[in-house]
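Colleague: Could you take me closely through one part of this model, and then set that part in the context of the packing around it?

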Amino acid sequence: MEKRKFDLEERTSLFGEAIIDFAKHIPRNVITLPLISQLVRAGTSVGANYREADCAESRKDFEHKIAISKKEANESRYWVRMIVRAAPELAEEAKPLWIEASELQLIFVSIIKTS
């Protein structure tokens, strides 16, 4: 994720792709396997729910889908943290993901406040 994107659809897609790429580097063991699954689900769900919000049928539906994107971004941060605990050697690789999840969460909070 070299460049920050202001197109939120593209940015959330890049985040999901980065999560998938990161997951491929995580060592597989009894501890990390469930964490990987949770991270991939949460990280790719951010963009999926943003797209659903973009096609919302009402303002209430839009706000609900954006809130889910916010929740999934927050959850992504959590799973990144747990993976770093299980595989500390991935801390530097994980840091940009944690930062991006934090920024996305703040963007969604802002969208909710202004909608």
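Modeller: I will start with K65, which is buried, with a relative accessible area of 14%, in a model that is predicted. The cut-off for buried is under 20% relative accessible area, and K65 is therefore on the buried side of that limit. K65 lies in helix 3, and, when residues up to four places away in sequence are not counted, K65 touches N49, E52 and A53.

From K65 the view widens to the helix pair around it. Helix 2 covers residues 32-54 and helix 3 covers residues 59-86, and the two pack at an angle of about 155° with their axes 8 Å apart. That angle makes helix 2 roughly antiparallel to helix 3, since angles over 145 degrees are the ones counted as roughly antiparallel. Helix 2 passes helix 3 in a left-handed crossing, and the residues of this contact divide into 16 nonpolar, seven polar and four charged.

Further along helix 3 there is V80, which counts as buried at 3% relative accessibility. With neighbours within four places in sequence left aside, V80 is in contact with L39, A94, L97 and W98. V80 can also be placed by its C-alpha atom, which is 8.4 Å in space from that of K95, a residue 15 places apart from V80 in sequence.

V80 leads to the packing of helix 3 with helix 4, whose axes come within 9 Å and cross at roughly 160°. That makes helix 3 roughly antiparallel to helix 4, and their crossing is left-handed. On the side of helix 3 the contact is made by F62, I66, A67, S69, K70, A73, N74, S76, R77, V80 and V84, while helix 4 contributes A91, A94, L97, W98, A101, S102, L104, Q105, F108, V109, I111 and I112. Sorted by type, the residues of the contact between helix 3 and helix 4 divide into 16 nonpolar, five polar and two charged.

Helix 4, made of residues 91-114, also packs with helix 1, made of residues 8-23, at an angle of about 150° and with the axes 11 Å apart. Helix 1 and helix 4 are therefore roughly antiparallel to each other, and helix 1 passes helix 4 in a left-handed crossing. The residues of helix 1 that take part are L8, R11, T12, F15, A18, I19 and F22, and they meet E93, A94, L97, E100, A101, E103, L104, I107, F108 and I111 in helix 4. This contact of helix 1 with helix 4 divides into twelve nonpolar, one polar and four charged residues. A94 and L97 belong to the list for helix 1 with helix 4, and A94 and L97 are also named in the contact of helix 3 with helix 4 and among the contacts of V80.

Within helix 1, R11 deserves its own description. R11 is buried, with a relative accessible area of 8%, and the side chain of R11 makes a polar contact with the side chain of E103 at 2.7 Å. R11 and E103 both appear in the contact of helix 1 with helix 4. The C-alpha atoms of R11 and G47 are 8.2 Å apart in space, although R11 and G47 are 36 residues apart in sequence.

There remains the loop between helix 1 and helix 2, where N29 has its place. N29 counts as partly exposed, at 32% relative accessibility. The side chain of N29 reaches the backbone nitrogen of I31 at 2.8 Å, and a polar atom of that side chain also lies 2.9 Å from the backbone nitrogen of T32. The loop residue N29 and A86 are 57 residues apart along the chain, and their C-alpha atoms are separated by 9.6 Å.

Definitions and conventions: Residues numbered from 1 in each chain as written. Predicted model: local features only at pLDDT ≥ 70, side-chain atom pairs only at ≥ 80, totals over all residues. Heavy atoms only, no water. Axes fitted to C-alpha atoms, helices over the stretch in contact; angles between N-to-C directions. Helix = DSSP H or I, 4+ residues; strand = E, 2+ residues; numbered from the N terminus. Parallel < 35°, antiparallel > 145°, perpendicular 65-115°, else oblique. Left-handed = near helix turned anticlockwise from the far one by under 90°. Contact = heavy atoms within 4.5 Å. Nonpolar A, V, L, I, M, F, W, Y, C, P; charged D, E, K, R; others polar. Buried < 20%, exposed > 50% of the residue type's maximum accessible area, 1.4 Å probe, protein only. Polar contact = N/O pair within 3.5 Å; in protein donor to acceptor, adjacent residues only side chain to side chain.
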